[in-house]
Amino acid sequence: MNFRAIKVIYANEMMRFWQTFFQSLASPVISTALYFIVFGAAIGSSIDKIEGVSYGLFIVPGLTMLSILTHSISNASFGIFFPKFTGTIYEILSAPISFYEALLGYVGAAASKSLILATVILFTASFFVELQIAHPVWMVSFLVLTCITFSLFGFIIGLWAGNFEKLQVVPLLIITPLVFLGGSFYSISMLPEFWQKVTLFNPVLYLVSGFRWSFFEVSDVSVGTSLMMILVFLSVCLAVVAWMFKTGYRLKQ
Amino acid sequence: MNPIISIDNLCKTYDTGFEALKSVSLDIKEGEILALLGPNGAGKTTLISAICGIVSPSSGTVTVSGKDIIKDFRQTRELIGLVPQELTIGAFETVWSTVNFSRGLFGCKRDEAYLEQLLKDLSLFDKKNDELRALSGGMKRRVLIAKALSHEPKILFLDEPTAGVDVELRKDMWAIVRKLRASGVTIILTTHYIEEAEEIADRVGIINNGELLLVEEKDHLMASLGMKQLILELNEVITSIPELLAEFNLELSENGSSVTYTYDTTEGGANIADVIHAISEAGLVFNDLKISQSSLEDIFVDLVKGAA
Ligand SMILES: Nc1ncnc2c1ncn2[C@@H]1O[C@H](COP(=O)(O)OP(=O)(O)O)[C@@H](O)[C@H]1O
Ligand SMILES: [Mg+2]
């Protein structure tokens with residue numbers, strides 16, 4: 001293992017984040033605050049408690065998920081797309097490192113950024129609502145697994161994308177709708193039965209449900225199912241990455 | 001001595017179906033400067049990229065220091081530094097952080113003293129803390145060289161190092177190349193400037209259309225393939241070459257004031273003294289004499305034409 005290489009790739013990816021720390025975090029913090037003001041205070045006051053949880057509190061896990069899914073994907077995909085686009089990838093390809101070591105550096109950095117972001121969002125939320133976490137270990141596990149899985153997914157997209165448009169299509173046109181329709185801001189029991197069934201096909205539902213359970217012990221699907229689904233998605237991403245490695249997909253000609 | 005790089009029947013067909021390398025075989029000797037000379041699109045960059053791990057070979061093998069570049073890629077790549085053809089470089093890092101990054105990527109321990117000296121040798125030290133995007137093209141090229149040398153490689157590839165480079169950098173670059181060679185580093189550079197190969201290389205490989213046409217010691221190449229010309233400036237203008245000199249195939253200049261004797265140095269039999277003697281016998285008086293040797297350029301043009 002070339003640990004030094006993993007370390008420098010990781011550090012290099014993180015450097016830009018620290019350099020622009022406040023810009024990077026300002027937008028998620030502001031949007032979180034806005035969600036709380038609009039949904040929590042303004043609209044939320046006229047919405048009933050959901051399964052015993054006030055609406056402002058209920059949306060915290062979903063809001064956090066929305067941010068970390070989109071940021072994991074965009075950070076990781078950009079992280080690998082950019083060197084491919086500018087050509088600086090030559091250095092990674094000609095260095096004595098394996099595909100997996102490079103992956104560890106890039107995905108590790110993207111996942112770390114998402115974890116920092118999640119912490120900042122939860123911290124911001126704590127100013128607006130009385131945050132309670134019933135199962136902190138589960139909460140952190142769900143968070144870490146989600147950050148890693150979606151950073152890996154982002155890495156795949158970054159390798160696949162041939163241009164900037166494609167890079168943005170997935171987060172914008174697929175992830176955001178899935179998050180909004182996946183019960184991030186409501187319980188699916190509030191939907192008509194038909195739409196409840198449809199929602200079960202939305203993978204984000206399982207992420208949000210499990211994550212929310214770790215806070216309030218309320219969930220749309222069982223926590224075991226949530227955990228299994230996220231592990232399935234992680235395995236799929238790993239399998240795709242392994243295939244990309246074997247074929248040198250879009251990295252080497 | 002075993003070659004440091006051994007390329008055996010290397011082929012590369014791109015996904016487009018284009019055959020960029022057609023069964024190239026080449027041994028590179030340790031410590032030499034090899035120039036790969038060829039027109040644009042000849043396959044020079046593809047060849048280098050295959051050795052360095054940027055392009056996957058379609059078939060054939062390459063060993064570096066006896067190790068296979070695919071099976072033992074860690075050992076082979078540690079030995080190699082690459083300066084790419086394009087100015088592919090980051091934007092927001094500083095010069096200092098990017099050379100440290102490169103060194104770390106190759107698994108080397110941090111060594112500030114070495115990197116400082118390297119930046120000084122490349123006249124980059126005062127730019128140490130500048131962001132890369134603020135540098136001029138020439139400075140970026142220097143940074144790329146510094147990055148390639150950051151892990152103290154035994155082999156250095158320079159892909160068209162002087163394309164679009166100013167005189168000063170070019171001079172510095174050759175000084176660095178000579179210094180590196182003196183310390184035992186093997187250097188492979190590509191160029192389509194013949195003078196460059198002529199100026200610096202020990203051996204020259206000529207590549208065209210994905211084929212390696214020949215590899216020769218530079219001096220030997222010029223001597224063996226080069227034709228020499230003996231040019232005599234005459235005292236008086238003549239209209240035709242005297243009968244007596246027919247056997248030498250002399251050429252008369254258009255204005256009739258000089259004759260040229262062209263001979264092939266490989267034929268050995270060329271005897272300039274005989275020619276000069278015969279010319280005097282024939283009653284021609286000359287006031288000046290010069291010998292010119294064909295340059296690599298002439299050789300190159302001949303070869304490329306011959307292959308086309
Ligand atoms: N990625 C690629 N896909 C298809 N063809 C390529 C690719 N890269 C290079 N080529 C073609 O291969 C040939 C050799 O290119 P290259 O090795 O860059 O030549 P050189 O460096 O000698 O100018 C060119 O005709 C070029 O168009
Ligand atoms: Mg080239």
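Let me start at the metal. The magnesium ion, ligand 2, is held by two side-chain atoms, OG1 of T45(B) and OE1 of Q85(B), at 1.9 to 2.2 Å. These two residues come from distant parts of the chain, 40 residues apart. T45(B) sits in helix α1, residues 44-52 of chain B. Q85(B) sits in the loop between β6 (80-83) and α3 (95-105) of chain B. Before I go on, please keep in mind that this is a predicted model.

Are the two magnesium-binding residues buried, partly exposed or exposed? T45(B) has 31% relative accessibility, so it counts as partly exposed. Q85(B) has 25%, so it also counts as partly exposed. The cut-off to remember is that buried means under 20% relative accessible area.

Now the helix that carries T45(B). How many of the nine residues of α1(B) are buried? Eight of them are, which leaves the helix mostly covered. The buried ones are K44(B), T46(B), L47(B), I48(B), S49(B), A50(B), I51(B) and C52(B). T45(B), as I said, is partly exposed. After the helix comes G53(B), with a positive phi near 100 degrees.

Let me step back to the whole of chain B. The chain has 10 helices and 14 strands. It is divided into domain 1, residues 5-222, and domain 2, residues 227-307. The centres of these two domains, taken over C-alpha atoms, are 42 Å apart.

How does the radius of gyration of chain B stand against that of a compact globule of 308 residues? The globule would have a value near 19 Å, while chain B has 25 Å. Along its principal axes, the C-alpha trace spans about 75 × 45 × 40 Å.

On burial, 47% of the 308 residues of chain B count as buried. The accessible surface of the chain is about 14,300 Å², and carbon and sulfur atoms make up 48% of that. As for contacts with a separation of 6 or more, 69% are between residues 24 or more positions apart.

Next, one residue in each domain of chain B. In domain 1, which covers 5-222, take S150(B). Where does S150(B) lie? It is in the loop between α5 (137-149) and β7 (155-159). S150(B) has a relative accessible area of 0%, so it is buried. A polar atom of its side chain lies 2.8 Å from the backbone oxygen of K147(B). Which residues does S150(B) contact, leaving aside neighbours within four places in sequence? They are V99(B), S102(B), R103(B), Y114(B), L115(B) and L118(B).

The same loop, between α5 and β7, also holds E152(B). E152(B) has a positive phi of about 50 degrees although it is not a glycine. Unlike S150(B), which is buried, E152(B) is partly exposed, because its relative accessibility is 42%.

N9(B) is another residue with a positive phi of about 50 degrees that is not a glycine. N9(B) lies in strand β1, residues 5-13 of chain B. Its relative accessibility is 38%, so N9(B) counts as partly exposed.

In domain 2, which covers 227-307, take L230(B). This residue is in strand β11, residues 227-234. L230(B) counts as buried because its relative accessibility is 1%. Its C-alpha atom is 8.3 Å from that of V259(B), and the two residues are 29 apart along the chain. What does L230(B) touch, not counting residues up to four places away in sequence? The list is V259(B), T260(B), Y261(B), Y263(B), I272(B), V275(B), I276(B), L289(B), K290(B) and I291(B).

One residue from chain A before I stop. T199(A) lies in helix α8, residues 193-199 of chain A. Its relative accessible area is 6%, so T199(A) is buried. Leaving aside neighbours within four places in sequence, T199(A) is in contact with L181(A), G182(A), I188(A), L191(A) and L205(A).

To go back to the start: the magnesium ion is coordinated by T45(B) and Q85(B), one from helix α1 and the other from the loop between β6 and α3. That is what I have for today.

Terms used:
Residues are numbered from 1 along each chain as its sequence is written. Chains are lettered from A and ligands numbered from 1 in the order in which they are written. This is a predicted model: local features need pLDDT of at least 70, side-chain atom pairs count only at pLDDT 80 or more; totals for chains, interfaces and linings use all residues. Side-chain values use heavy atoms; hydrogens and water are left out. Domain bounds come from an automatic or database domain assignment. Donors are N, O and S atoms within 2.8 Å of the metal (3.2 Å for Na, K and Ca); water is not among the atoms, so sites may look incomplete. Helices (H or I, at least four residues) and strands (E, at least two) are DSSP runs, numbered from the N terminus. Buried means under 20% relative accessible area, exposed over 50%, partly exposed in between (1.4 Å probe, protein chains only). The radius of gyration is taken over C-alpha atoms; the globule rule is 2.2 Å times the number of residues to the power 0.38. Contact means heavy atoms within 4.5 Å. Accessible areas come from the Shrake-Rupley method with a 1.4 Å probe; for residues, only the protein chains shown count as cover. A polar contact is a pair of N or O atoms within 3.5 Å; within protein, one must be able to donate a hydrogen and the other to accept it, and residues adjacent in sequence count only if both atoms are side-chain atoms.
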